[in-house]
Amino acid sequence: MSRVTLSHGDGGAFSAQLVQNLFLRYLWNPYLEHLSDATILPTPNRALAVTTDSFVVQPVFFPGGDIGKLSVCGTINDLTAGGARPMYLTAAFILEEGFLLSQLEQIVASMAQTAKECDVAVVAGDTKVVPRGQADGIYINTTGIGQVYRGLKLSPREIQPGDAIIVSGTLGDHGIAVLSEREGLAFETQVKSDCAPLSSLLSAVEDLFPAVRWLRDPTRGGAAASLNELAQAAGADIILQERHIPIRPQVKAASDMLGLDPLTLANEGKMLFVVQKDSAADLLNMLQAHPLGADAVIIGTVASGSGEVLMKTEAGGTRLVEMPAGIPVPRIC
């Protein structure tokens, strides 16, 4: 393959190959080694987490959100998955000549409201405008800095056989919401994106931090990509229970119609937790007491193995959940 394809940006196997075979070949250093959502930087007082992300979602307004809210939530959630309390953001805009100022104002207002809700300040920014036809309206890059919580030790190396895997709510909502708006698909009940900042969800379970071993917000590539990355990094198997995977009926119906696996669809307001077995019930109760974790459920466990994700199906069988490759849903975040 001699050219970049849309699959290189879907968060699955092709994205991983691009990172491993090109970017890390030239840019590797110890801070990039773990390829986590946020990199932890040591300081004399408290470790800091830093992350950056670019948002190219199309359409820029979708049920449940817009590119402005998404750009703030995505970066806040990456810092949260890194075990940090978000503090500061930067925002860089690439605008196409002709983009409506009224829409830009809506997007910036949405960013400001979301940042305010999380007590996060936007402290620097940049704006570039390119000629008509050389972009697709608006792209946003956000970089975030946060302070790492004490008492959290997050790493795939920390997980142990018997640990529980918890997801904070239903999967696939964002992917189907954006895809249905883009393609003009109408369903009996509109699917809304789950786009939301999750920093308060993590602070709500602070009392159980010593038992939490790993976090990830399953965006591009969905839960399937995140859990495969975890299993391979940990050298352990993950056993999922299909009957416990939370998926809204309308998301399942849309996925079936479009030939998509909800496990591979992007989420923008969900968090995966790996937690010690003995603390799983308590963590679940804490999550369910939070508005953003009301639908939290234990979906599986960690087992000794060689780094595979396996699904115990409702029919009584077992199937392999593979790392997604070539997902046909680009421009989703």
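**A walk through the fold, starting at the sheet**

Let's begin with an open sheet of 5 strands, whose order runs E1-E2-E7-E5-E6 with mixed pairing. Strand E1 (39-41) and strand E6 (121-130) sit at the edges with a single partner strand each, so one side of each has no neighbour in the sheet. Going from one strand to the next, the twist averages 20°. Keep in mind as you look around that this is a predicted model.

As general background, strands of a sheet pair through backbone hydrogen bonds, either parallel or antiparallel. For one pair in this sheet, take strand E2 (residues 48-55) and strand E7 (residues 138-148): they pair in the antiparallel sense over 8 bridges. If you want a spot to click on, find Ala-49, whose bridge partner in E7 is Gly-146.

Now for the helices that pack on this sheet. Helix H2 touches E2, strand E5 (84-96) and E7, and the direction of H2 makes about 150° with that of E2. Helix H3 (residues 101-117) also packs on the sheet, where it touches E5, E6 and E7. The direction of H3 makes about 10° with that of E7.

How does this part of the chain map onto the records? The domain assignment gives domain 1 (1-35), domain 2 (36-148) and domain 3 (163-320). Taken over C-alpha atoms, the centres of domain 1 and domain 2 are separated by 22 Å. UniProt, in an unreviewed entry, has the annotation "domain: PurM-like N-terminal" covering residues 37-148. Over residues 37-148 the chain is 29% helix and 44% strand, with the end C-alpha atoms 13 Å apart.

Further along the chain, the unreviewed UniProt entry lists residues 160-309 as "domain: PurM-like C-terminal". Over residues 160-309 the make-up is 32% helix and 19% strand, and the end C-alpha atoms are 15 Å apart.

Helix H4 (residues 173-183) is a good next stop. Of its 11 residues, 8 are buried, so H4 is largely enclosed by the rest of the structure. The buried residues of H4 are Asp-173, His-174, Gly-175, Ile-176, Ala-177, Val-178, Leu-179 and Ser-180. What do they pack against? Their partners are strand E3 (61-62), helix H2 (67-81) and helix H7 (249-258). H2, then, is in contact with H4's buried residues and also packs on the sheet we started with. After H4 comes Gly-184, whose phi is positive, near 70°.

Strand E9 (residues 212-216) has 5 of its 5 residues buried, so E9 too is largely enclosed by the rest of the structure. E9 and strand E11 (residues 272-275) pair in the antiparallel sense over 4 bridges. Within that pairing, Leu-215 has Phe-273 of E11 as its bridge partner.

Finally, a look at the cysteines. A disulfide is a covalent bond between the sulfur atoms of two cysteines. With a cut-off of sulfur atoms within 2.5 Å, the count comes to 0 disulfides. Cys-118 is in no disulfide, and the nearest cysteine sulfur, that of Cys-73, is 6.7 Å away. Cys-118 is buried, with a relative accessible area of 15%. Cys-333 is in no disulfide either; for Cys-333 the nearest cysteine sulfur belongs to Cys-195, 10 Å away. Is Cys-333 buried or exposed? Cys-333 is buried, with a relative accessible area of 13%.

Methods: Residues are numbered from 1 along each chain as its sequence is written. This is a predicted model: local features need pLDDT of at least 70, side-chain atom pairs count only at pLDDT 80 or more; totals for chains, interfaces and linings use all residues. Side-chain values use heavy atoms; hydrogens and water are left out. Buried means under 20% relative accessible area, exposed over 50%, partly exposed in between (1.4 Å probe, protein chains only). Helices (H or I, at least four residues) and strands (E, at least two) are DSSP runs, numbered from the N terminus. Contact means heavy atoms within 4.5 Å. Two strands pair if DSSP finds at least two bridges between them. Domain bounds come from an automatic or database domain assignment. Axes are lines fitted to C-alpha atoms, for helices over the stretch in contact, and angles run from 0 to 180 degrees between N-to-C directions. UniProt positions are given in the numbering used here, feature names are shortened, and annotations may be inferred rather than shown by experiment.
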